Amino acid sequence: MFASEKDLSSLMELQEADMEVLNLQKKLQQLPQRAQMQELAQKKQGVLAKLAQVSKMHEAARRKVTQIEDETAILERKRDETQEKIDAAKGDFRAVQSLTRDLDGIAKRLGTLEGELLEHSEKYEQVDAVKKQIDGAVSALDAQALKIRDSFQSEASELKAAESEARARRDALAAHIDAALLKAYESAAKRGGGMGVARLVDNHCSTCRNHIDDNRMLQIKREAPLSACPSCGRLLIVE
């Protein structure tokens, strides 16, 4: 294939630009923040599941404390009302005796409720402390995720900007290369994982490193300065 020295130089520059684009794309896909975000998401899922369990316990404990407090408030009002009735019925022995029994029952129940309130208040405080701890863990994970996301966006933006510059340079180089030569290069690059040009070094291809037999070497030298590697199909620059 006929090619001038300028064509060969342009092909090498074009390949450098193409490889830069591929390397930048690879770096973007391999940014560690992707795996870090996925790991954090899995951690958060586990923490949220635990939070859901603790939240149910927290609500149940809160309701129990509220229930005891409400019953205590009702009985305290009833106790005060009963005492007022006793004070008003001083001359009525039977009424006082009956009200006194009621008052004793109320006092006994209030004593029981006081013990229950202490017990369930302690349970509530324990569960509340665990819930606050888990809430803190969720907030910490969210803050960490935000930091990683910002870092990813910053690095990804830089890589995309560099890729855009490399593509622009690539397009400018491609515009000055013969259409048939460019087509042959792009076809070879597609087969070669992005590298479409190699050099002949002694009797082997500089990229695939495969040995070229003597008969094929004669033909390649006749096609100089540009041939093709019989093994990998890349365009082969022959000095």
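Arg209 is exposed, with 58% of its relative accessible area open (exposed means over 50%, buried under 20%, and partly exposed in between, using a 1.4 Å probe and protein chains only). This is a predicted model, so to speak of local features a pLDDT of at least 70 is needed, while side-chain atom pairs count only at pLDDT 80 or more, and totals for chains, interfaces and linings use all residues. Residues are numbered from 1 along each chain as its sequence is written, and side-chain values use heavy atoms, with hydrogens and water left out.

Back to Arg209: its home is the loop between β2 and α5 (helices, H or I with at least four residues, and strands, E with at least two, are DSSP runs numbered from the N terminus). The phi angle of Arg209 is near 70 degrees, a positive value in a residue other than glycine. Asp202 also has a positive phi, near 55 degrees, and is not a glycine either. This residue sits in the loop between β1 (197–201) and β2 (204–205), and at 64% relative accessibility Asp202 counts as exposed. Then there is the peptide bond between Ala224 and Pro225, which is cis, with omega at about 15 degrees. Pro225 belongs to the loop between α5 (214–222) and β3 (226–228). As background, most residues other than glycine have a negative phi, and most peptide bonds are trans.

Next come the charged pairs. The structure holds 15 salt bridges (a side-chain nitrogen of Lys or Arg within 4 Å of a carboxyl oxygen of Asp or Glu). One of them pairs Glu71 with Arg109, the closest N and O atoms being 2.9 Å apart. This pair ties together distant parts of the chain: Glu71 is in helix α2 (residues 32–88) and Arg109 in helix α3, 38 residues apart. Both ends count as partly exposed, Glu71 at 27% relative accessibility and Arg109 at 30%.

Other bridges stay within helix α3. Lys132 pairs with Asp128, with 3.2 Å between the closest N and O atoms; the two are four residues apart in helix α3, so about one helical turn separates them. Lys132 is exposed, with a relative accessible area of 57%, whereas Asp128 is buried at 17%. Lys131 and Asp135 also meet in a salt bridge, at 3.1 Å from N to O. Here too the partners are four residues apart in helix α3, which puts about one helical turn between them. Asp135 is partly exposed, at 28% relative accessibility. Elsewhere, salt bridges link Asp18, Arg170 and Glu186 in a network.

Those three networked residues turn up again in the lining of the largest pocket, alongside Val21, Leu22, Gln25, Arg167, Asp171, Tyr185, Ala189, Lys190 and Gly194. (On a 1 Å grid over the protein atoms alone, a pocket is an open set of points where a 1.4 Å probe fits, with protein on both sides within 12 Å along at least five of seven lines; lining residues have an atom within 4 Å of a point.) The elements giving two or more residues to this lining are α1 (5–29), α3 (93–174) and α4 (179–191).

Tyr185 has a place in the largest nonpolar core as well (buried Ala, Val, Leu, Ile, Met, Phe, Trp, Tyr and Cys residues joined through side-chain atoms within 4.5 Å). Of the 19 residues in this core, Leu11, Leu14, Leu181, Tyr185, Leu226 and Leu235 touch the most other members. At least two residues each come from α1, α3, α4 and β4 (235–237), and α4 supplies the largest share, six residues. A second, separate core has 10 residues, including Ile212, Met217, Cys232 and Val238.

Leu14 gives a closer view of the packing: leaving out residues up to four places away in sequence, Leu14 is in contact (heavy atoms within 4.5 Å) with Arg170, Leu173, Ala174, Ile177, Leu182 and Tyr185.

Finally, some links between α2 and α3. Thr72 lies in helix α2 and is buried at 17% relative accessibility. Not counting neighbours within four places in sequence, Thr72 touches Leu110 and Leu113. Gln45, also in helix α2, is exposed at 59%. The C-alpha atoms of Gln45 and Val138 are 9.5 Å apart, although 93 residues separate the two along the chain. Leu118, in helix α3, is exposed at 53%. Leu118 and Val65 are 53 residues apart in sequence, with 9.0 Å from C-alpha to C-alpha.
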